[in-house]
Amino acid sequence: MRKKIVAGNWKMNKNLQDGIELAKQVNQQVLGNNVTVILCTPFIHLSEVSKVISKDSLFLGAENCASEASGAYTGEVSAEMIKSTGATHVIIGHSERRAYYNEDNKTLNKKVKLALENELTPIFCCGEVLAERESGKHISVVKQQIEEGIFDLSPEQFSKVVIAYEPVWAIGTGVVASPEQAQEMHKVIRHLITEKYGKDAAGNTSILYGGSCKPSNAKELFDKPDVDGGLIGGASLNADDFMGIVNAF
Ligand code: PEP
């Protein structure tokens, strides 16, 4: 059966000391929880946060990785480097990477493969902007992102991928998707997986919702049958808020 997952995305917040403190607080509260909880931190935090978390109950992820394996790419951080910090996950294709750094599906596909080659679990993000939803294109947009981003993986590779549906209009805006809107898209995504990789693969793939998820709205989202957890931005910056979402399961 697929995993329930709550992953925090700290984005470009918290200096190193504050990040370590937050990780310690989450670590204290997370022990014994049956949800897979992941902290995705800025690159420079990874190796230090790795030292203060109990890795059987709290996992560590990066927010991005390079699209090349190694070499003359000044300022980039490779999947192999991320793995060497103790991280196990990496967010790929967050809408902020797509929008501000022009990351297209082809580039993201390379990143996913590098993550998998380095035994990192990719958390592959997809989602439409408001104009696409309003013009009724949201499903075709997400379909294309998924088909071009991850549907050339082998079944074995695909079985290691986590998907996060994050409508861009809900990210950091306080406007959360309704549980029905989330469920509709998650069901579509699971159907696409069924068509491509079969029913078992679809049933085993965790599909997370992201976008203004808070302790007060998490339960109604997570209650939906195809919503397997959340990717959490703003609310992951406070241990109590973040754990409030984890405990919504
Ligand atoms: C995100 O950045 O992935 C996100 C979901 O942000 P927020 O929870 O702040 O909307």
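A polar contact is a pair of N or O atoms within 3.5 Å. The exercises below apply this cut-off and others to a predicted model.

**Exercise 1. The ligand and its shell**

Determine which residues come nearest to the ligand, and which of its oxygen atoms' partners lie within the polar cut-off.

*Solution.*
Step 1. The ligand has 14 residues around it, and the nearest are Lys11, His94, Glu166, Gly172 and Ser212.
Step 2. Consider lysine 11: an N or O atom of its side chain is 2.6 Å from an oxygen atom of the ligand. A pair of N or O atoms within 3.5 Å is a polar contact, so this pair qualifies.
Step 3. The side chain of histidine 94 likewise places an N or O atom 2.8 Å from a ligand oxygen.
Step 4. With glycine 233 the backbone takes part: one of its N or O atoms lies 2.8 Å from an oxygen atom of the ligand.
Step 5. On its own the ligand has 290 Å² of accessible area, of which the protein covers 95%.
Step 6. Sorted by class, the shell consists of eight polar, four nonpolar and two charged residues.

**Exercise 2. The surroundings of histidine 45**

Locate histidine 45, decide whether it is buried or exposed, and identify its polar partner.

*Solution.*
Step 1. Histidine 45 belongs to the loop that runs between strand 2 (36-41) and helix 2 (46-52).
Step 2. Its relative accessibility is 2%, and histidine 45 is therefore classed as buried.
Step 3. A polar atom of the histidine 45 side chain lies 2.8 Å from the backbone oxygen of lysine 14.
Step 4. Leaving aside residues up to four places away in sequence, histidine 45 touches Trp10, Asn13, Lys14, Asn15, Leu16 and Gly19.
Step 5. Lysine 14 itself sits in the loop between strand 1 and helix 1. Lysine 14 is partly exposed, because its relative accessible area is 33%. Its phi is near 75°, a positive value in a residue other than glycine.
Step 6. Leucine 16, another of the residues touched by histidine 45, is part of helix 1 (residues 16-30). Its 23% relative accessibility makes leucine 16 partly exposed. Beyond four places in sequence, leucine 16 touches Ile44, His45 and Glu48.

**Exercise 3. The buried side of two helices**

For helix 11 and helix 12, establish which residues are buried and what covers them.

*Solution.*
Step 1. In helix 12 (residues 239-246), the buried residues are Ala239, Phe242, Met243, Ile245 and Val246. They lie on the same side of helix 12, because their arc around the axis is only 155°.
Step 2. The cover over these residues includes strand 1 (5-9), helix 1, strand 2, helix 11 (215-222) and strand 8 (229-232).
Step 3. The N-terminal end of helix 12 is capped by asparagine 238, which has a side-chain oxygen 2.9 Å from the backbone nitrogen of aspartate 240.
Step 4. In helix 11, Asn217, Ala218, Leu221 and Phe222 are buried. An arc of only 130° around the axis puts them on the same side of helix 11.
Step 5. Among the elements that cover the buried residues of helix 11 are strand 1, helix 9 (179-197), strand 7 (207-210), strand 8 and helix 12.

**Exercise 4. Valine 6 and its distant neighbours**

Describe the position of valine 6 and its relation to glycine 230.

*Solution.*
Step 1. Valine 6 is a residue of strand 1.
Step 2. Its relative accessibility is 0%, so valine 6 counts as buried.
Step 3. Valine 6 and glycine 230 are 224 residues apart along the chain, while their C-alpha atoms are separated by 4.9 Å.
Step 4. Not counting residues up to four places away in sequence, the residues touched by valine 6 include Val37, Ile38, Phe222, Gly230, Phe242, Ile245 and Val246. Of these, Phe222 is among the buried residues of helix 11, and Phe242, Ile245 and Val246 are among those of helix 12.

**Exercise 5. Two loop residues beside helix 5**

Classify glutamate 119 and aspartate 104 by accessibility.

*Solution.*
Step 1. Glutamate 119 lies in the loop between helix 5 (105-117) and strand 5 (121-126). Its relative accessible area is 61%, so glutamate 119 is exposed. Although glutamate 119 is not a glycine, its phi is positive, at about 60°.
Step 2. Aspartate 104 occupies the loop between helix 4 (95-100) and helix 5. With a relative accessible area of 40%, aspartate 104 is partly exposed.

Methods
Residues numbered from 1 in each chain as written. Predicted model: local features only at pLDDT ≥ 70, side-chain atom pairs only at ≥ 80, totals over all residues. Heavy atoms only, no water. Helix = DSSP H or I, 4+ residues; strand = E, 2+ residues; numbered from the N terminus. Buried < 20%, exposed > 50% of the residue type's maximum accessible area, 1.4 Å probe, protein only. Polar contact = N/O pair within 3.5 Å; in protein donor to acceptor, adjacent residues only side chain to side chain. Contact = heavy atoms within 4.5 Å. Near = heavy atom within 4 Å. Areas by Shrake-Rupley, 256 points an atom, 1.4 Å probe, with all protein chains shown as cover. Nonpolar A, V, L, I, M, F, W, Y, C, P; charged D, E, K, R; others polar. Arc of directions from axis to C-beta.
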